[in-house]
Amino acid sequence: MPELPEVEGVVNALKPQVTGKTIKQVKISETVYHSHSLGKQTIIKGSLPDLLADALMDMRIEAVERRSKYIYFHVMKASNSYILVNHLGMSGAWFYVTHRDEITEAKFHRHIHVELLLDDGHWLIYSDIRRFGELRLIQQLSDYPPLLALAPEPFDQDAKAYFLKACELRKFKDKEIKAVIMDSHALCGCGNIYATEALFRMKINPGRKTSQLSGVEKEQLFETIVAVLTESIAFGGSSISDYRNINGEAGSMQNRLQMYGMNICPMCYTNTTQKIIAGRNSYYCPNCQK
DNA sequence: CGCATCCTCCGGTTGC
DNA sequence: TGCAACCGGAGGATG
């Protein structure tokens, strides 16, 4: 499940391979067509598959950017600019290959949904096992308002102040701190894995109410999240379940995680506790995290 | 109009 | 060996 560091890795791998390339052919899977015929917006959002395919034809990819856990492909066609917005969901993955059979992992090969032929002869392929991902073509961010509501990038100057202010809002202050740091309207890019790790490093119980943290704790927690995200980017992200970068490589941050998925606390050897917070399984050490 | 509470989307994985 | 339950980002509908 890709979080900010994993998406960062994907974007950094995509950049040199697709920047400046033009889309010359678009293929969309029968599965996507079929779901759309039933009225669902499977993977392709805000458009019918054929309309998206037509629109993408002859578009030139000007730049690739990560924003929160989204990938923005900045594209141009006939002097009009657009953004192809992509979210990998639980299991989305991009591949840059000369033939789709180069995708050797069966579960990725079996769930190829969008194939873009570039003018360098390579295929840029989107595979998505569970189809939770998203592709949406817009002209500007305001065409899809949820993108305007995202908190600043955690590495931006104003992100910490934005987060601290969000903690004071009525809708956040009485929530569990873990739910708040995983909410992209308070702080973006932090999912279950890195929220779990940051809270463990800070020795904060994920179930504590946000208003019960001191100002210093909230500030240090924010800094710890940034540190964990930064460390993960440096180690290529965490390859848990379906995450691969576009070269099919796995990251190594999963080997550095101290609490996510652990049954025993690495600090005190107490059995860890699992609790559902904000709908997601949360590991913590009942002894270390208060 | 704020907010809280479901609901939805999926197939690989897990557990019985 | 088979099969049902389970899991999860995040927007959207509902109350």
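How many nonpolar, polar and charged residues does the surface near DNA strand C have? In this predicted model, the surface near DNA strand C has six nonpolar, three polar and three charged residues. The residues that surround DNA strand C are Met1, Lys69, Tyr70, His87, Met90, Arg130, Phe132, Tyr144, Pro146, Gly279, Arg280 and Asn281, and of the atoms of DNA strand C that come within 4 Å of the protein, sugar and phosphate account for 74%.

The surface near DNA strand B divides by class into two nonpolar, two polar and six charged residues. Around DNA strand B stand Lys40, Thr42, Lys107, Arg110, His111, Ile129, Arg130, Arg131, Phe132 and Lys171, and sugar and phosphate make up 68% of the atoms of DNA strand B that come within 4 Å of the protein. Arg130 and Phe132 are listed around DNA strand B and also among the residues that surround DNA strand C.

Polar contacts to phosphate oxygens are set out below for each strand.

| Residue | Part of residue | Strand | Distance to a phosphate oxygen |
|---|---|---|---|
| His87 | side chain, N or O atom | DNA strand C | 2.8 Å |
| Arg280 | side chain, polar atom | DNA strand C | 3.5 Å |
| Asn281 | backbone, polar atom | DNA strand C | 3.3 Å |
| Thr42 | side chain, polar atom | DNA strand B | 2.6 Å |
| Arg110 | side chain, polar atom | DNA strand B | 3.0 Å |
| His111 | side chain, polar atom | DNA strand B | 3.0 Å |

For Asn281 the atom that lies 3.3 Å from a phosphate oxygen of DNA strand C belongs to the backbone, whereas Arg280 places a polar side-chain atom 3.5 Å from a phosphate oxygen of that strand.

Terms used. Residues numbered from 1 in each chain as written. Chains lettered and ligands numbered in written order. Predicted model: local features only at pLDDT ≥ 70, side-chain atom pairs only at ≥ 80, totals over all residues. Heavy atoms only, no water. Near = heavy atom within 4 Å. Polar contact = N/O pair within 3.5 Å; in protein donor to acceptor, adjacent residues only side chain to side chain. Nonpolar A, V, L, I, M, F, W, Y, C, P; charged D, E, K, R; others polar.
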